[in-house]
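Please read these points beside the sequence and the 3D view. They concern how the two chains meet.

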Protein chains: 2
Amino acid sequence: MARIIVEVMLKPEILDPQGQAVKNALGRLGLTGVADVRQGKRFVIDVDDEAGVDEARIDELAGSLLSNPVIEDYAWRVVADTEAGA
Amino acid sequence: MARIIVEVMLKPEILDPQGQAVKNALGRLGLTGVADVRQGKRFVIDVDDEAGVDEARIDELAGSLLSNPVIEDYAWRVVADTEAGA
């Protein structure tokens, strides 16, 4: 069993109203010094067999199904199954 | 400048229909051997001064503002500002 983590974030030049809302809320709740907040998505994909992970296919799907290449960047990595999923 | 990454995932016992939809789509698109997919959120918080990071406050806000403690688990860490944000 292998675990693949895919992280998707808006490109830096794309406005992130959700992140801005979080930034403002953090300020109101007393956390000072917050310069910027960006919100993104995270996928934890468990696959049956690490040897069978098709890296080219994973990369292709991360860049199409899991993210919108027009406005989002993605990164993915294979981690040990024991890494905390949270 | 320090960067705080907060990762929020549904608790394992909570159904994740988004993750299930992604799992089904990955199967249809030809990625075999996918046992499970969970979808979560990711916040990248840039703060002005690492020395000024109030860890207790961050933890409290991650567990209240950024996640719903009834159905979600969270994890957070401070990373070097140079770590890729994507």
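1. A salt bridge here is a side-chain nitrogen of Lys or Arg within 4 Å of a carboxyl oxygen of Asp or Glu. By that rule, two salt bridges cross the interface of chain A and chain B, while the structure holds ten over all chains.

2. On the basis of the note: this is a predicted model, in which local features need pLDDT of at least 70 and side-chain atom pairs count only at pLDDT 80 or more, whereas totals for chains, interfaces and linings use all residues. Residues are numbered from 1 along each chain as its sequence is written, chains are lettered from A in the order in which they are written, and side-chain values use heavy atoms, with hydrogens and water left out.

3. How do the copies relate? Chain A can be laid on chain B with an RMSD of 0.0 Å by a turn of 180° and a shift of 0.0 Å along the axis, the superposition being by least squares on the C-alpha atoms of residues with pLDDT of at least 70 in both. The two copies are thus related as by a two-fold rotation axis. In chain A, Lys41(A) has the C-alpha nearest the axis, 2.3 Å from it.

4. Contact (heavy atoms within 4.5 Å) links 34 residues of chain A with 34 residues of chain B. Together the chains bury about 3000 Å², 66% of it on carbon and sulfur atoms. Buried area is the accessible area (1.4 Å probe) that two parts lose on being put together, summed over both.

5. Which residue of chain B forms a salt bridge with Glu7(A)? The partner is Arg42(B), with the closest N and O atoms 3.3 Å apart. Arg42(B) lies in strand 2 of chain B and Glu7(A) in strand 1 of chain A, so this pair joins two chains. Strands are DSSP runs of E, at least two residues long, and helices are runs of H or I, at least four, numbered from the N terminus.

6. Strand 2 of chain A pairs with strand 2 (residues 34-47) of chain B in the antiparallel sense, over 13 bridges. Pairing requires that DSSP find at least two bridges between the strands. Within this arrangement, Ile45(A) stands opposite Val37(B).
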